[in-house]
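Biologist: Could you walk me through this one, feature by feature? I'd like the general idea each time, then the case at hand.

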Amino acid sequence: LAGTLGGAGPFTVFAPTNAAFAAALTELGLSKQQLLDSPALGDILKYHVLGARVLKAEVPVGVDIPTVLGGAETLRIGSNLAITDRAGRVATITATDVMASNGVIHVIDKVILPSAFRRV
(Lines give C-alpha, C1' and ligand atoms only; values in the text may rest on other atoms or scores of the structure.)
Protein backbone atom coordinates (compact mmCIF):
# COMPACT_ATOMS: atom_id res chain seq x y z
CA LEU A 1 0.00 0.00 0.00
CA ALA A 2 2.92 2.35 0.64
CA GLY A 3 3.84 2.08 -3.04
CA THR A 4 0.32 3.01 -4.05
CA LEU A 5 -0.17 5.90 -1.63
CA GLY A 6 3.39 7.15 -2.07
CA GLY A 7 2.49 8.28 -5.58
CA ALA A 8 1.35 11.73 -6.59
CA GLY A 9 -2.31 10.80 -6.35
CA PRO A 10 -4.80 12.12 -5.90
CA PHE A 11 -6.39 9.50 -3.66
CA THR A 12 -9.31 9.14 -1.32
CA VAL A 13 -8.69 6.95 1.71
CA PHE A 14 -11.49 5.58 3.88
CA ALA A 15 -9.57 5.18 7.14
CA PRO A 16 -11.07 2.92 9.81
CA THR A 17 -10.63 3.92 13.44
CA ASN A 18 -8.60 1.77 15.84
CA ALA A 19 -11.89 0.58 17.34
CA ALA A 20 -13.04 -0.47 13.85
CA PHE A 21 -9.92 -2.63 13.41
CA ALA A 22 -10.41 -4.19 16.86
CA ALA A 23 -14.03 -5.01 16.00
CA ALA A 24 -12.95 -6.52 12.65
CA LEU A 25 -10.51 -8.84 14.39
CA THR A 26 -13.30 -10.06 16.65
CA GLU A 27 -15.75 -10.39 13.76
CA LEU A 28 -13.27 -12.36 11.67
CA GLY A 29 -11.94 -14.48 14.53
CA LEU A 30 -8.36 -13.36 13.90
CA SER A 31 -5.59 -12.10 16.12
CA LYS A 32 -3.78 -8.90 15.19
CA GLN A 33 -0.72 -10.93 14.24
CA GLN A 34 -2.75 -13.28 12.05
CA LEU A 35 -4.14 -10.31 10.13
CA LEU A 36 -0.71 -8.69 9.81
CA ASP A 37 0.71 -11.98 8.49
CA SER A 38 -2.15 -12.51 6.05
CA PRO A 39 -1.49 -12.10 2.32
CA ALA A 40 -5.06 -10.71 2.13
CA LEU A 41 -4.15 -7.65 4.20
CA GLY A 42 -2.85 -5.73 1.18
CA ASP A 43 -6.10 -6.32 -0.68
CA ILE A 44 -8.15 -5.24 2.33
CA LEU A 45 -6.16 -2.01 2.59
CA LYS A 46 -6.33 -1.27 -1.16
CA TYR A 47 -10.11 -1.73 -0.96
CA HIS A 48 -10.20 1.34 1.29
CA VAL A 49 -8.61 3.58 -1.39
CA LEU A 50 -10.06 5.34 -4.43
CA GLY A 51 -7.82 6.47 -7.27
CA ALA A 52 -9.19 10.04 -7.22
CA ARG A 53 -9.77 12.80 -4.69
CA VAL A 54 -13.45 12.70 -3.70
CA LEU A 55 -14.61 15.31 -1.21
CA LYS A 56 -17.83 14.86 0.78
CA ALA A 57 -19.72 17.20 -1.55
CA GLU A 58 -18.58 15.15 -4.58
CA VAL A 59 -19.35 11.65 -3.30
CA PRO A 60 -21.19 9.71 -6.00
CA VAL A 61 -24.28 8.34 -4.27
CA GLY A 62 -25.85 4.98 -5.08
CA VAL A 63 -23.42 3.87 -7.78
CA ASP A 64 -20.59 1.36 -7.84
CA ILE A 65 -17.31 3.17 -7.08
CA PRO A 66 -14.09 1.41 -8.17
CA THR A 67 -11.26 1.04 -5.65
CA VAL A 68 -7.52 0.77 -6.30
CA LEU A 69 -7.84 -2.97 -5.62
CA GLY A 70 -9.26 -3.15 -9.13
CA GLY A 71 -11.49 -5.64 -10.85
CA ALA A 72 -15.06 -5.72 -9.67
CA GLU A 73 -14.05 -4.59 -6.18
CA THR A 74 -16.36 -1.61 -5.91
CA LEU A 75 -18.18 -0.05 -3.01
CA ARG A 76 -21.35 2.05 -2.74
CA ILE A 77 -22.01 5.12 -0.68
CA GLY A 78 -25.53 6.07 0.31
CA SER A 79 -26.91 9.57 0.80
CA ASN A 80 -26.51 9.00 4.56
CA LEU A 81 -22.72 8.54 4.02
CA ALA A 82 -22.94 4.81 4.70
CA ILE A 83 -20.55 2.65 2.68
CA THR A 84 -21.73 -0.80 1.63
CA ASP A 85 -18.93 -3.24 0.84
CA ARG A 86 -19.07 -6.22 -1.53
CA ALA A 87 -20.25 -8.48 1.31
CA GLY A 88 -23.18 -6.19 2.14
CA ARG A 89 -21.53 -4.93 5.34
CA VAL A 90 -22.08 -1.25 6.16
CA ALA A 91 -19.62 1.33 7.51
CA THR A 92 -20.45 4.94 8.30
CA ILE A 93 -18.26 7.87 7.41
CA THR A 94 -17.78 9.70 10.71
CA ALA A 95 -15.37 12.49 9.67
CA THR A 96 -14.89 13.92 6.20
CA ASP A 97 -12.51 15.94 4.10
CA VAL A 98 -9.30 15.54 6.09
CA MET A 99 -6.92 16.97 3.51
CA ALA A 100 -3.60 15.27 2.74
CA SER A 101 -0.82 16.27 0.37
CA ASN A 102 -1.95 13.74 -2.24
CA GLY A 103 -5.68 13.49 -1.58
CA VAL A 104 -8.29 13.34 1.12
CA ILE A 105 -9.15 11.07 4.05
CA HIS A 106 -12.60 10.15 5.34
CA VAL A 107 -12.75 8.35 8.70
CA ILE A 108 -15.03 5.29 8.89
CA ASP A 109 -16.35 3.25 11.80
CA LYS A 110 -15.89 -0.22 10.29
CA VAL A 111 -13.29 -2.05 8.24
CA ILE A 112 -14.78 -2.74 4.81
CA LEU A 113 -13.91 -5.99 3.05
CA PRO A 114 -13.54 -6.96 -0.60
CA SER A 115 -15.62 -9.85 -1.90
CA ALA A 116 -12.63 -12.18 -2.24
CA PHE A 117 -11.58 -11.87 1.40
CA ARG A 118 -11.41 -15.20 3.13
CA ARG A 119 -10.40 -15.92 6.67
CA VAL A 120 -6.75 -16.85 6.67
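**Reading the fold**

Modeller: Let's begin with burial: Ala 40 is buried because its relative accessible area is 15%, and the cut-off for buried is under 20%. Keep in mind that this is a predicted model.

Biologist: Where is Ala 40 placed?

Modeller: In the loop between α3 (32-37) and α4. For a sense of distance, the C-alpha atoms of Ala 40 and Ile 105 are separated by 22 Å, with the two positions 65 residues apart along the chain.

Biologist: And Thr 17, is that buried or partly exposed?

Modeller: Thr 17 has a relative accessible area of 30%, so we call it partly exposed. Thr 17 sits in the loop between β1 (11-16) and α2. Sequence separation tells you little here: Thr 17 and Asp 109 are 92 residues apart along the chain, yet their C-alpha atoms are separated by 6.0 Å.

Biologist: Which residues does Thr 17 contact, once neighbours within four places in sequence are left aside?

Modeller: Val 107 and Ile 108.

Biologist: Now the sheet. How should I read strand pairing?

Modeller: The general idea is that strands of a sheet pair through backbone hydrogen bonds, either parallel or antiparallel. In this model, seven strands make an open sheet with mixed pairing, and the order across it is β2-β1-β7-β6-β5-β4-β3. The edge strands, β2 (49-50) and β3 (65-66), each pair on one side only.

Biologist: How many bridges join β6 to β7?

Modeller: Five, and β6 and β7 (residues 103-108) run antiparallel. Two of the facing pairs are easy to find: Ala 95 stands opposite Val 107, and Val 98 has Ile 105 as its bridge partner. The hairpin that joins β6 to β7 goes through two residues.

Biologist: What about β5 and β6, how many bridges join those?

Modeller: Three, again with an antiparallel run. Ala 82 stands opposite Thr 92 there. β5 and β6 also form a hairpin, with five residues between them, and Gly 88 in that turn has a positive phi of about 85°.

Biologist: Is there a rule of thumb for the sign of phi?

Modeller: Most residues other than glycine have a negative phi. Leu 81 goes the other way, with a positive phi of about 65°. Leu 81 is in the loop between β4 and β5 (82-84), and its 17% relative accessibility means that it counts as buried.

Biologist: What is the phi of Asp 97?

Modeller: Near 55°, a positive value in a residue other than glycine. Asp 97 lies in strand β6. Asp 97 counts as partly exposed because its relative accessibility is 30%.

Biologist: On to packing. Which residues have the most contacts inside the largest nonpolar core?

Modeller: That core has 14 residues, and the ones with the most contacts inside it are Phe 14, Leu 75, Ile 77, Ile 83, Ile 93, Ile 108 and Ile 112. Two elements, β4 (74-77) and β6 (90-100), give two or more residues to this core. There's also a second, separate core of 10 residues, including Ala 20, Leu 30, Ile 44 and Leu 113.

Biologist: Let me zoom in on Ile 77. What is in contact with Ile 77, beyond neighbours within four places in sequence?

Modeller: Phe 14, Val 59, Pro 60, Val 61, Gly 62, Ile 65, Ala 82 and Ile 83.

Biologist: Last topic, empty space. How many cavities of 30 Å³ or more are there?

Modeller: The count comes to one, and about 50 Å³ of space lies in it. Its lining is made of Phe 21, Ala 24, Leu 28, Leu 35, Leu 41, Ile 44, Leu 45, Val 111 and Leu 113. The helices α2 (18-28) and α4 (41-46) each supply at least two residues of that lining.

Biologist: How does the lining split by class?

Modeller: Nine nonpolar, no polar and no charged residues. You can also cross-check two of your lists: Ile 44 and Leu 113 appear in the lining, and Ile 44 and Leu 113 belong to the second core too.

Note on methods: Residues numbered from 1 in each chain as written. Predicted model: local features only at pLDDT ≥ 70, side-chain atom pairs only at ≥ 80, totals over all residues. Heavy atoms only, no water. Core = buried A, V, L, I, M, F, W, Y, C linked by side-chain atoms within 4.5 Å. Buried < 20%, exposed > 50% of the residue type's maximum accessible area, 1.4 Å probe, protein only. Helix = DSSP H or I, 4+ residues; strand = E, 2+ residues; numbered from the N terminus. Contact = heavy atoms within 4.5 Å. Pairing = 2+ DSSP bridges. 1 Å grid on protein atoms, 1.4 Å probe; cavity = no way out; pocket = protein on both sides within 12 Å on 5 of 7 lines; lining within 4 Å. Points joined across faces, edges and corners; volume = space filled by probe spheres on them. Nonpolar A, V, L, I, M, F, W, Y, C, P; charged D, E, K, R; others polar.
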